[in-house]
Structure formats: structure tokens, C-alpha cells
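Please work through the exercises below with the sequence and the coordinates open beside you. Each task is followed by a solution that goes step by step.

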Amino acid sequence: MPFFRRRPKPPKVDKYMIFATNEALQEWERGLADAGLTQIGTNRQAEGTYEQWNGTDAEKAKAWLRERKIDQELFYVVVQTPDGVWGADIEGLYLEKLRPWQFDPASAETTAEILTLINGVYGIELAATGRADNFIVEVACGRCERTWLDGVRYRDLTLVRCPHCGAANRVDSTNFIVT
Ligand SMILES: [Zn+2]
């Protein structure tokens, strides 16, 4: 039945932001302004769809990404910031790759403590198998004791910088082992 074979497939539905009310739209736009975000566009690749943003501040971008609940596989929200490319997918927040200065733990002034593994074992498994060069943890600054989320190496030392006091912290993840 060639007629049926020629019928076009139903169009692929992309993820749109849909707002029930004008207030909801305004709140979304206010959130973008507060987070210092401007949209670059949406890039559809064979391996997934990338919603791309520019951000003026990594901490604000991370907080905004944590609020985005992605419920679609292979859908990525990506923010280029002055401090790394941060993203969110169905598993949560991620750092695309470590910043070059993070490979110099010897220059640390203090030692940060890892408090929590973010995204459960998913992120650390990617790092353990070499599919990512980092996984996301919550760390506490060795100088001011305040906390933030950052990417660290698997079973290695990583340099992270406290966004609150600016201290360069060494993080030791050798006790986090995926078997
Ligand atoms: Zn600090």
C-alpha cells in the first residue's frame, strides 16, 4: 500500500514553554532578568535538542537551572556563563566540562568538604566511566563555611572557588567510589 507509506509522519512536537496566563509569562520573564539570562536559540541535533542561553552569572544560572524541571529525554538546557557551561537535563544539573584552572589543586588556600552528591549516582557514574570529566556535588567552603554546587573530578583532587568569599578550595573525592 504505497499510499500509506507516503503519508507524512506526524510532526515532531518540540518542547515549548506554555503559559496559562499573562502573569505566568511575566513571572517567567522576570525570572530570566533576575538570573541574567538571554536566549541564544534552540539547536536540534541527532543526539538531542539543546536550548541555549547566555548567562552573566554562574551562580544565578545554576539556581535557575535547578528550577527547570526537564521531563524529556535528550533535552538539554545549556547556559554559557563567565564561569563554565552549565546545563540541565532529565537527570538534573551538570557542568559540561571542568574549567582549566580546576586541575590545579596545589594552588588551593583551604580545603572544602563534600556534603552531598547531586543527582544521585547518575552523575558520578558518568564521571567514573569517563563519559564526563566531573560530577556535581554540594561543597562547603573551608574558609567561610558557606555552600554551593560545583563539578569535581572522580576519585581525584579538584580545585573549586567559593562564590561567596572567593577562596580557592581543594576538594578530595577519592572516597566516592562507583563499583
Ligand atoms: Zn567561602
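The exercises that follow concern a predicted model, and they go from domains to sheets, a core, a helix and a loop.

**Exercise 1. Describe the domains of the chain and the contact between them.**

Step one is the assignment, which gives domain 1 (7–95) and domain 2 (100–172). Taken over C-alpha atoms, the centres of domain 1 and domain 2 are separated by 24 Å. The contact takes seven residues from domain 1 and ten residues from domain 2. On the side of domain 1 that touches domain 2, H3 and E5 each supply at least two residues, and E5 gives the most, with four residues.

**Exercise 2. Work out the strand order and the edges of the five-stranded sheet, and place the helix that packs on the sheet.**

The five strands form an open sheet with mixed pairing, in the order E1-E2-E3-E4-E5. Its edge strands are E1 (37–45) and E5 (92–95), each of which pairs on one side only, and the twist averages 20° from one strand to the next. Within the sheet, strand E2 (residues 48–55) pairs with strand E3 (residues 75–81) in the parallel sense over six bridges, and Asn-54 has Gln-80 in E3 as its bridge partner. Helix H3 (residues 58–67) packs on this sheet, where it touches E1, E2, E3, strand E4 (84–89) and E5; the direction of H3 makes about 5° with that of E4.

**Exercise 3. Explain why E6 and E10 count as edge strands in the three-stranded sheet.**

The order of this open sheet is E6-E11-E10, and the pairing is mixed. Strand E6 (110–111) and strand E10 (157–161) each have a single partner strand, so one side of each is left without a neighbour in the sheet. The pairing of E10 with strand E11 (residues 168–172) is antiparallel and runs over five bridges, with Leu-159 standing opposite Arg-170 in E11.

**Exercise 4. Identify the residues that touch the most other members of the largest nonpolar core, and state which domains contribute to this core.**

Of the 33 residues in this core, those that touch the most other members are Ala-61, Leu-65, Val-79, Trp-86, Leu-93, Phe-135 and Ile-136. Among the elements that give two or more residues are H3, E3, helix H4 (120–128), strand E8 (135–140) and strand E9 (147–152). The core draws at least three residues from each of domain 1 and domain 2. For Val-79, leaving aside residues up to four places away in sequence, the residues touched are Leu-37, Trp-53, Gly-55, Ala-61, Leu-65, Trp-86 and Gly-87.

**Exercise 5. Show how burial is distributed around H4.**

The buried residues of H4 include Gly-123, Ile-124 and Ala-127. Seen down the axis of H4, the buried residues fall within an arc of 90°, so they line one face of the helix. These buried residues pack against E5, strand E7 (113–117) and E8, whereas the face turned away from the buried side carries the exposed residues Gly-120 and Val-121. After H4 comes Gly-130, whose phi is positive, near 80°.

**Exercise 6. Decide whether Ala-106 is buried or exposed, and relate Ala-106 to Arg-170.**

Ala-106 lies in the loop between E5 and E6. Ala-106 counts as exposed because it has 8 C-beta neighbours inside 10 Å, and the cut-off for exposed is 12 or fewer. Although Ala-106 and Arg-170 are 64 residues apart in sequence, they are 7.7 Å apart in space, C-alpha to C-alpha.

Methods
Residues are numbered from 1 along each chain as its sequence is written. This is a predicted model: local features need pLDDT of at least 70, side-chain atom pairs count only at pLDDT 80 or more; totals for chains, interfaces and linings use all residues. Two strands pair if DSSP finds at least two bridges between them. Axes are lines fitted to C-alpha atoms, for helices over the stretch in contact, and angles run from 0 to 180 degrees between N-to-C directions. Two residues are in contact if their C-beta atoms, placed from the backbone, lie within 7 Å. A nonpolar core is a set of buried Ala, Val, Leu, Ile, Met, Phe, Trp, Tyr and Cys residues joined through C-beta atoms within 7 Å. A residue is buried if 20 or more other C-beta atoms lie within 10 Å of its own, exposed if 12 or fewer, and partly exposed in between; C-beta atoms are placed from the backbone. Domain bounds come from an automatic or database domain assignment. The arc is that of the directions from the helix axis to the C-beta atoms.
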